[in-house]
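Colleague: I would like a close look at a single part of this structure, and then at what surrounds that part. Please explain the picture step by step, as for a first-year student.

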Amino acid sequence: MLTRYLATAGFILAALTVPLSGPLSGTAAAAALDLPIVFLTRAEEPRLPLSFVDPVVEDPGVWGARLAIKDNQTTGSFLGHTYELVEVTVPADGDAATVFAEQRDAGRHLFISDLPRDDLLAIARLPGADDTLIFNDRVADDDLRLNTCFAPVFHTALSRAMRADALVQFLVWKKWTDLFLFAGSTDGDQAYAEAMRRAAKKFGARIVAEDSYAYDPIARRTDSGHIQVQRQMPLATQKADDDYDVMIAVDENEIFGEYLPFNTYAARPVAGTHGLVPSAWHRVQEQWGSTQFQRRFTQIAGRWMEERDYGAWLGVRAIGEAVTRTGSGDVATLRAYLRGADFALGGFKGVGLSFRPWNQQMRQPVLLVNKRVLVSVSPQPGFLHQRTPLDSLGYDEPETGCALQ
Amino acid sequence: MRDHLKENRLAQNLLKHPLAALAFAATLTVAPAAEAMTIFVSNEKGNSITVIDGGSLEVTATVEVGNRPRGIALGKDHRHLYICASDDDHIQVLDTESLEIVGTLPSGPDPELLVISPDGKRLYVANEDDNLVTVVNLENGTAMAEIPVGVEPEGMGVSPDGKTIVNTSETTNMAHFIDADTFEIRGNVLVDQRPRFAEFTADGKEVWVSAEIGGTVSVIDSETLQIKKKISFSVPALQPEAIQPVGIRILKDRSKAFVALGPANRVAIVDAQSYEVTDYVLVGQRVWQLALTPDETQLFSTNGISNDITLIDISRAKARKSIATGSYPWGIAIKP
């Protein structure tokens, strides 16, 4: 880890040596700016995937911010803008609000929140958060886009509704419209299941049956474990008989979902959190010039880019883009630009990404991946919207109680 | 180039008078008639170069080349075609007569687009992975300089007098103006999102830079480095997101310019004096790069998803013919 960090530091130094010569006419600004961006995360146990093929990622998020700060530094070097990434980890038993307030009191106003829901809410509700910008790279909860919105908080993470809409659009395009919803019991699973119900209704699919996974978690490492899985999964999934097109698996915490494909009672494909998965980012995506992006990330991080890395990258780059275009580090100026119609961020997904002003959710295409290849990208052809097809994913303006100004 | 043009017209006129042509041919060793024109197309997924006869518009050869060939350009004497073999991390040199690969040149990792200096002595190539522009000496085949630029350099242009190189960086969103003698950056012009391509006008006074995600073309004054005009595009019943300008070609007299609009599947025709868009020509899917015939009467576009190129008649502003190529045609170059 130390060598990696040193390598990053080397990159930063290299970026700073880019010649600053020449007149800067035609460019946005010439005034020197110092822009510290705080990456705030919490010390947590890594999530153990059921598949041994999937890596155990110790530090999802931070490498995306590190890559983006390098990109900002290179751009900033032509403009006299200096970016610095301040990495702060809240201890496992620590208080995120206190840590946030310390940073805020030290004069730092730009934050990437790689924090879980309760921490994000705690910092967003602090009175001192008013003159900050907080980019949520992680929390997918729909209520934070629907009725609990905060002026400083921008979401670069997908909401569950966006994921569900992206998947169901594809299934409707395929005319696989009869869905068997098979969900776990955690709060997150229940919320995702609800997003799937909503998506089915929204796009003309049908939930023909529902069941929940009621067995105990299966350890990821058990000798002859497959024998039990092979017998248990058909039993667990026979409620819909074979009277459906696709099973929608909802298991956000890796308890059973990986075992569903090829072990369902009926011969049906699986989609959702497993099988065909809607995702903000994945290694399989190399379209729209992202080959270099994937390579640059792997070079510094030594692993593939996770969704939280991508969310953090988008947050840091959104700040960089707003600073470059406005020539300002002022929070109100940046916020106005980020919310405006002129803001467009290249995010390696083929179209410019922007923020919905009513809830400050980033509009973005959603990848549909099967862990081996990119299967499709939503929005799907034919799903129209009067503003942009991207607004066919997630909660639209008339559907939300949020009206951020 | 001028001489070739004259000879071209002469040869065309002579063709109307067969006897005279015979007499003429006897005295002329090289008679590059329009029909002798050869079109080279790189196939990004096909790992090949499609060779098309400019007269019959038939494919005459498909040459296997390196992995993921994208940007291609002809040398000054048209003997060699330089090919960015992106996944092989070098440039391949194709003999345009024998159609054999006769050498490779250093480029740094993942070369995408290249240009040749007007004197034919240098090759400039963008390396997206390393945020560098590499300068290759074509006389001895070595890299003579690496110039640090913005993140993900892609588009490369060189002024007609050879003194200025322009590079666009896709994530930094700038056009970098580089002095070709000192290799120092003279200035940086902020343009819209994901600038893909830079093209000088023949008089060297303007540089046109396309922004794929921004959906615009910035016309930059090459002296003052100010943006003179930002050209936008609009096609009825098409979402603005689908309009993604990439390749640009400008007629020498600067009467017209052509802009490939990517997934809008159209080539825009722009009045290059007033900067007004005058027409949109429907071609194939995901149109990225363009090439003019030497007499500037015809334009070809590469249509990646359709696996073909489209021939556009410039005076009528109409697509005349599509020619099937290999898989995912990307770059295009025309040998007179």
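Modeller: In this predicted model, Gln405(A) touches Arg335(A) and Arg339(A), when residues up to four places away in sequence are not counted. Gln405(A) itself belongs to the segment that follows strand E15 (374-378) of chain A. Its relative accessibility is 73%, and Gln405(A) therefore counts as exposed, the limit being over 50%. Along the chain, Gln405(A) and Arg283(A) are 122 residues apart, and 36 Å separates their C-alpha atoms.

The segment after E15 of chain A also holds Pro379(A). The peptide bond that leads from Ser378(A) to Pro379(A) is cis, and its omega is near 10 degrees.

The two arginines lead to a helix. Arg335(A) and Arg339(A) are among the buried residues of helix H11 (residues 331-339) of chain A, a list that also names Val331(A), Leu334(A), Tyr337(A) and Leu338(A). Which elements take part in covering these buried residues of H11(A)? The cover includes E3, E4, strand E5 (153-155), H10 and strand E12 (352-355), which belong to chain A.

Helix H10 (residues 307-326) of chain A contains Glu321(A). Is Glu321(A) buried or exposed? The relative accessible area of Glu321(A) is 4%, and because buried means under 20%, this residue is buried. Leaving aside neighbours within four places in sequence, Glu321(A) is in contact with Tyr337(A), Phe343(A), Ala344(A) and Leu345(A), and also with Asn173(B) and Gln193(B). Tyr337(A) has already appeared as a buried residue of H11(A), while the contacts with Asn173(B) and Gln193(B) lead across to the other chain.

At this boundary, 36 residues of chain B are in contact with 37 residues of chain A. Asp129(B), Leu190(B) and Gln193(B) are the residues of chain B that lose the most area to chain A, together 19% of what that side buries. The size of an interface is often given as the accessible area lost when the parts come together. Here, chain B and chain A bury about 2,800 Å² between them, and 49% of that area is on carbon and sulfur atoms.

Polar links also cross the boundary. Between chain B and chain A there are two salt bridges. One pair joined by a salt bridge is Glu152(B) and Arg296(A), whose closest N and O atoms are 2.2 Å apart. In addition, 12 residue pairs are in polar contact across the interface, with both residues at pLDDT 80 or more. Strand E14 (174-179) and strand E15 (185-190) of chain B are the elements that give two or more residues to the side touching chain A. E15(B) supplies six residues, the largest share of that side. By type, the residues on this side of chain B divide into 10 nonpolar, 13 polar and 13 charged.

Chain B as a whole has two helices and 28 strands. Of its 336 residues, 61% are buried. Among its contacts with a separation of 6 or more, 40% are between residues 24 or more positions apart. Pro111(B), in strand E8 (residues 111-116) of chain B, offers an example of a buried residue, with a relative accessible area of 0%. Beyond four places in sequence, its contacts include Arg70(B), Cys84(B), Asp89(B) and Val125(B). Asp89(B) lies in the loop between strand E5 (80-85) and strand E6 (90-95) of chain B. Its phi is near 60 degrees, a positive value in a residue other than glycine. At 35% relative accessibility, Asp89(B) counts as partly exposed.

A last helix returns the account to chain A. Helix H3 (residues 96-105) of chain A has the buried residues Ala96(A), Ala97(A), Val99(A), Phe100(A), Gln103(A) and Arg104(A). Because these residues cover an arc of only 160 degrees around the axis, they are on the same side of H3(A). Glu102(A) and Asp105(A) are exposed, and they are carried by the face turned away from the buried side. The elements that cover the buried residues of H3(A) include strand E3 (110-114) and strand E4 (133-136) of chain A, and E3 and E4 are also named in the cover of H11(A). Just after H3(A), Gly107(A) takes a positive phi of about 90 degrees.

Key
Residues numbered from 1 in each chain as written. Chains lettered and ligands numbered in written order. Predicted model: local features only at pLDDT ≥ 70, side-chain atom pairs only at ≥ 80, totals over all residues. Heavy atoms only, no water. Contact = heavy atoms within 4.5 Å. Buried area = accessible area lost by both parts, 1.4 Å probe. Salt bridge = Lys/Arg side-chain N within 4 Å of Asp/Glu carboxyl O. Polar contact = N/O pair within 3.5 Å; in protein donor to acceptor, adjacent residues only side chain to side chain. Helix = DSSP H or I, 4+ residues; strand = E, 2+ residues; numbered from the N terminus. Nonpolar A, V, L, I, M, F, W, Y, C, P; charged D, E, K, R; others polar. Buried < 20%, exposed > 50% of the residue type's maximum accessible area, 1.4 Å probe, protein only. Arc of directions from axis to C-beta.
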